[in-house]
Each structure stands twice: as structure tokens, then as C-alpha cells.
Amino acid sequence: MSSSTTTTKNDEGDATFANASATKNIPTFDGDEKAKATDFANYFSAYSQLYHQKQMLTDHNRMAAYHAAIVGNSQVFKDKVVMDVGTGSGILACWAAQAGAKRVYAVEYTDMAHHARNVVRANGLDHIVTVIQGAVEEVVLPEEDWERFGLTLQEEQNEQQLLPDGTKDQRVVDIIISEWMGYFLLRESMLDSLVRARDTFLKPTSGLMMPSHATMMIAPIVDEEE
């Protein structure tokens, strides 16, 4: 997220309105309530609007690429546990379910989660896809899913299902999908959240990220009239 500071007229210089936590992390990870509110106002609020989702859904080249990657690789998704980070309208989560995933966690921070639930329900996929509203940094997988969907850790992970800090190991996700790229790749500023989702939920050696790689191509230009 942006590292700039937002102030009010009567409260100039209040560091708690910085769009970063005290440890310089994104506010959704360890920021206080004021930092999270600023982050939401500056970035997330736009994604709760249907018109913004429509702009992304009508980007046919982008949507066709995701559809081909998910539905066109059903053998990869069959019987897998999938997480869609920043699900928005829920379309990628639905495609993952249609491709054969046994459980899909569609994580959405904004109130667009309500529309995503309607999309999932309308497509008859609510027995596979569960929409979780909240920051992915704060998500905890439903306890009842461990037995219901047979969530399992990799063999080399801790048999006690505990991490060094004593919390339950949640690295049971086989595939993370996300439409996180923005203008000049990084505009939407989701990469930090995606990395934390990977470290928290993805199986450490067998897990897949889709997409997993990106290339930025840069060339200098000059305008002699400027």
C-alpha cells in the first residue's frame, strides 16, 4: 500500500493515519484501526463498487486468460483445496469449483463479498465455495472444514499441526489463485497480501500459485518538446 500520510484538518501530523503500520507493514497485517480505516478509504473502498468490478470483468483478454488457466487445467484443480485472494465478484472461485476443486475459499475484504455470495449461490456452487469477508492476513480457516473436506498437511509438516508460535498450521491449500495485478503490474498493491497468504495457507512444497511469475519490461523515453 502507499506509504504516504493522511491527516485531518484538526489533527495534522497524526502518525496513526499513516497508510502503514508501526512496523512498516501493510495496515491489514498489523496496523491499528485508524491505519486500517485509512487503507480502506484510499484503496479497498473502490473495489466494493459494482462498476469497478464490471471494468475488470469486461477486460476480455484478461478474463479469457484466467478461464483458460483454470478451467483448461481441470486435472490440476480436481479434488484440490483452492484459495482465491481478493475474489471480488467471485468469478475465479466459481471457475475453480467448476474445474473440480473440492473446496474453495474466496477471500474478499470489502462488501463485494455479499455480491460474491450471490454469484456463488446462483451458480449452484455454495456447497464448494465459501466466501470469507475479511483481510487475508486475519483469516482463519473454518475448524469444521478439517474433517468435512479432509484438509491435510503435507507429510513433512509438523504432525502436531502446530507452528513454532503455538498456532495451528493452516498450510493446507493446494492452489492460490488471485487477480492481483494492476497498472504497471504493482498498481493494485496486493502483492504483500498475496505473499502473506502464500506463507500462511499454501502447502510449502507442493502448493501452486496461479499466476506464479510476472515480467516487467521497461524502456526509457524522451519527449523533446517537454
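Guide: Let's start with a yardstick: a residue is buried under 20% relative accessible area, exposed over 50%, and partly exposed in between. Keep in mind that this model is predicted.

Visitor: Why is Arg 196 called partly exposed?

Guide: Arg 196 has a relative accessible area of 23%. Buried would need a value under 20% and exposed one over 50%, so Arg 196 falls in between and is partly exposed.

Visitor: Where does Arg 196 lie?

Guide: Arg 196 is in helix α9, which covers residues 191-201. Its C-alpha is 8.0 Å from that of Val 136, although the two are 60 residues apart in sequence.

Visitor: And what makes Val 195 partly exposed?

Guide: Val 195 also has its place in helix α9. With a relative accessible area of 31%, Val 195 is not under 20% and not over 50%, so partly exposed is the right label.

Visitor: Which residues form the nonpolar patch on the surface?

Guide: Val 195 is one of them, and the others are Tyr 183, Phe 184, Leu 186, Leu 191, Met 216 and Ile 218. Together they have about 750 Å² of accessible area. Patch residues need over 30% relative accessible area, so Val 195 passes that cut-off with its 31%.

Visitor: How many helices and strands does the chain have?

Guide: There are 9 helices and 5 strands, and along the sequence they run α-α-α-α-α-β-α-β-α-β-α-β-α-β.

Visitor: How much of the chain counts as buried?

Guide: Of its 226 residues, 41% do. The accessible surface of the chain is about 13,000 Å², with 52% belonging to carbon and sulfur atoms.

Definitions and conventions
Residues numbered from 1 in each chain as written. Predicted model: local features only at pLDDT ≥ 70, side-chain atom pairs only at ≥ 80, totals over all residues. Heavy atoms only, no water. Helix = DSSP H or I, 4+ residues; strand = E, 2+ residues; numbered from the N terminus. Buried < 20%, exposed > 50% of the residue type's maximum accessible area, 1.4 Å probe, protein only. Areas by Shrake-Rupley, 256 points an atom, 1.4 Å probe, with all protein chains shown as cover. Patch = residues over 30% accessible without salt bridge, like charges linked within 9 Å, V, L, I, M, F, W, Y side chains within 5 Å. Salt bridge = Lys/Arg side-chain N within 4 Å of Asp/Glu carboxyl O.
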